[in-house]
Amino acid sequence: MLDLSLPDHAALPHAACPACRAEVLVYTDLDEDDKLVVRCLDCDAPLGEPGLQTCWTPDQAVEAGYPVEGWLPPDAGAGCSSGGCSGGSCSKH
Ligand SMILES: [Zn+2]
């Protein structure tokens with residue numbers, strides 16, 4: 001798993017992806033020069049340096065129409081039993 005350095009409250013960095021033409025969740029990765037970049041979770045396009053993105057809570061990401069697979073169960077509200085808490089990504093602590 002990538003360490004997204006999530007703060008106490010779950011925060012999912014997002015950015016505008018030109019390829020996807022949407023606000024997309026991003027993850028941190030290394031580019032070919034071993035520089036930290038964030039990439040589109042959907043198409044892996046590099047979307048700039050980490051730390052410049054604003055963040056959604058998981059709920060906001062769902063509201064934005066993003067399929068937050070792996071972050072929230074299909075039925076929101078059951079989050080704490082799905083293992084999400086161990087990564088600090090659960091908003092229902
Ligand atoms: Zn994309």
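In what pattern do the strands and the helix follow one another when the chain is read along the sequence? Along the sequence, the chain follows the pattern β-β-β-β-α, with four strands and one helix in the chain, where helices (H or I, at least four residues) and strands (E, at least two) are DSSP runs numbered from the N terminus. The model is a predicted one, in which local features need pLDDT of at least 70 and side-chain atom pairs count only at pLDDT 80 or more, whereas totals for chains, interfaces and linings use all residues. Residues are numbered from 1 along each chain as its sequence is written.

The strands form an open sheet of four members in the order E3-E2-E1-E4, with antiparallel pairing, two strands being taken as paired if DSSP finds at least two bridges between them. The edges of the sheet are occupied by E3 and by strand E4 (54–56), each of which pairs on one side only. On average, and with direction ignored, neighbouring strands of this sheet are turned by 55° against each other; the axes are lines fitted to C-alpha atoms, for helices over the stretch in contact, and angles run from 0 to 180 degrees between N-to-C directions. In general, the strands of a sheet pair through backbone hydrogen bonds, either parallel or antiparallel.

Strand E1 (residues 12–17) and strand E2 (residues 22–30) run antiparallel and are joined by four bridges. Within this pairing, Ala15 stands opposite Val24 in E2, and the bridge partner of Cys17 is Ala22, also a residue of E2. The two strands form a hairpin with four residues between them. Arg21, which is placed in the loop between E1 and E2, has a positive phi of about 55° although it is not a glycine. Most residues other than glycine have a negative phi. Arg21 is exposed, because 8 other C-beta atoms lie within 10 Å; a residue counts as exposed if 12 or fewer other C-beta atoms lie within 10 Å of its own, as buried if 20 or more do, and as partly exposed in between, with C-beta atoms placed from the backbone.

E2 also pairs with strand E3 (residues 36–40), in the antiparallel sense and over five bridges, and in this pairing Asp29 stands opposite Val37 in E3. These two strands likewise form a hairpin, with five residues between them. Asp34 lies in the loop between E2 and E3 and has a positive phi of about 60° although it is not a glycine. Asp34 has 6 C-beta neighbours inside 10 Å and therefore counts as exposed.

On the other side of the sheet order, E1 and E4 pair in the antiparallel sense over three bridges, with Pro13 standing opposite Cys55 in E4. The loop between E3 and E4 contains Leu52, which is exposed because 10 other C-beta atoms lie within 10 Å. Leu52 and His14 are 38 residues apart in sequence, and their C-alpha atoms are 9.5 Å apart in space.

Of the 93 residues of the chain, 27% count as buried. The largest nonpolar core, a nonpolar core being a set of buried Ala, Val, Leu, Ile, Met, Phe, Trp, Tyr and Cys residues joined through C-beta atoms within 7 Å, has 14 residues, of which Leu12, Val24, Leu25, Val26 and Cys40 touch the most other members. E1, E2 and E3 each supply at least two residues of this core, and the largest share, three residues, comes from E2. When residues up to four places away in sequence are not counted, Leu25 touches Leu12, His14, Leu41, Ala61 and Tyr66. For the chain, residues 24 or more positions apart account for 39% of the contacts with a separation of 6 or more, two residues being in contact if their C-beta atoms, placed from the backbone, lie within 7 Å.
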